[in-house]
Every structure is written in C-alpha cells, then in structure tokens.
Amino acid sequence: MAGMESRGGVRVGINATAMVEVDKAMKEQVRILREPQKVVIADVSTVGLGVVSPVFLPKGAILEIKMESAVFSFDRPITIKGEVRYCKPAKEGSYKVGIKFIEVESDILSKIKEYVTKSG
C-alpha cells in the first residue's frame, strides 16, 4: 500500500480500541471534542497510531489515549499522549486519524516496539 512508511516507522495492523480525549491543557482551544470518544486502532508503529474515529479530530490537537493493558500485553492500563497529524473522512461518517506519539513511558514504548517487530 502506498504511503505506509510516511510516519517514519513500519505500520502493522492491530485490532483494538482506545478512549481518546483532548488533553486538559488544550480543552479551551479544542471545543469540538467535549467528551472522551471510543476509537478503533487500525495500525501502530513505533512513532504513532492510525485510528478510526466517530468524530473529527483537528490537526494539532493533543490527545490523551487510554488503552486496555491487554493491547500490548502490558501489566497496567496504557496512557499515551499524541498529536493529531491528519484527520480525513473515511467510510460511513467516520474519520481516519494519524496520531504521532509525543509522550510515551519508556516501558510502554518497549512493548509497542516488541509488538511491531513481531507483527511486521
């Protein structure tokens, strides 16, 4: 598929969900997303996520992404901060969103790298 390496990392498919919400520091600038939203994680790389969202997420928005611990075989719930790099319409009123990691604990990033290596 063309453009699969555009994020600077190999993307691998994943079938998981997460809850996203605008970072508290950005709540006033980004009023479009008032409540946490459930998104489907379509792919992951060592530098970010590709998700399908039911709502538009503006480019540049800083998100707090919460995933179940089982997603990357972790021993506790996972919270990552990421920046929306693009958001484009997808099918059936959803949006394909590219999120670049901006704050990830090193042990969580290690698990993500392990998952990408095994799955890629």
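This report describes the confidence, the salt bridges and the helix α1 of a predicted model.

**Confidence**

The chain has a mean pLDDT of 86, and 85% of its residues reach 70 or more. Strand β1 (residues 12-22) has the lowest confidence, with a mean of 90, while strand β6 (residues 95-103) has the highest, at 97. Over residues 1-7 the pLDDT stays under 50, and for this segment the model has 13 contacts beyond four places in sequence.

**Salt bridges**

Six salt bridges are found in a search of the whole structure. The table lists three pairs, among them one that joins two strands.

| Pair | Closest N to O distance |
|---|---|
| Lys 96 and Asp 43 | 3.2 Å |
| Arg 76 and Glu 105 | 2.7 Å |
| Glu 83 and Arg 85 | 3.5 Å |

The side chains of Lys 96 and Asp 43 meet in a salt bridge. Lys 96 belongs to strand β6 and Asp 43 to strand β2 (residues 37-44), and the pair thereby links distant parts of the chain, 53 residues apart. Both Lys 96 and Asp 43 are buried.

A second salt bridge brings together the side chains of Arg 76 and Glu 105. Arg 76 lies in the loop between β4 (62-67) and β5 (78-89), and Glu 105 in the loop between β6 and α1 (106-119), so the pair ties together parts that are 29 residues apart in sequence. Arg 76 is partly exposed, at a relative accessible area of 30%, and Glu 105 is likewise partly exposed, at 41%. Arg 76 and Glu 105 also belong to a network of salt bridges that includes Asp 107.

Glu 83 pairs with Arg 85 in a further salt bridge. Glu 83 is partly exposed, with 22% relative accessibility, and Arg 85 is also partly exposed, with 41%.

**Helix α1**

The 14 residues of α1 should span 20 Å at 1.5 Å a residue, and this agrees with the 20 Å that separates its end C-alpha atoms.

Ile 108, Ile 112 and Val 116 are buried in α1. These residues cover an arc of only 75° around the axis, and therefore lie on the same side of α1. In an α-helix there are 3.6 residues a turn, so residues three or four places apart point the same way. The cover over the buried residues of α1 includes β1, β2, β5 and β6. On the face of α1 turned away from its buried side are the exposed residues Ser 106, Thr 117 and Lys 118.

Methods: Residues are numbered from 1 along each chain as its sequence is written. This is a predicted model: local features need pLDDT of at least 70, side-chain atom pairs count only at pLDDT 80 or more; totals for chains, interfaces and linings use all residues. Side-chain values use heavy atoms; hydrogens and water are left out. pLDDT is the predictor's confidence in each residue, from 0 to 100. Helices (H or I, at least four residues) and strands (E, at least two) are DSSP runs, numbered from the N terminus. Contact means heavy atoms within 4.5 Å. A salt bridge is a side-chain nitrogen of Lys or Arg within 4 Å of a carboxyl oxygen of Asp or Glu. Buried means under 20% relative accessible area, exposed over 50%, partly exposed in between (1.4 Å probe, protein chains only). The expected span of a helix is 1.5 Å times one less than its number of residues. The arc is that of the directions from the helix axis to the C-beta atoms.
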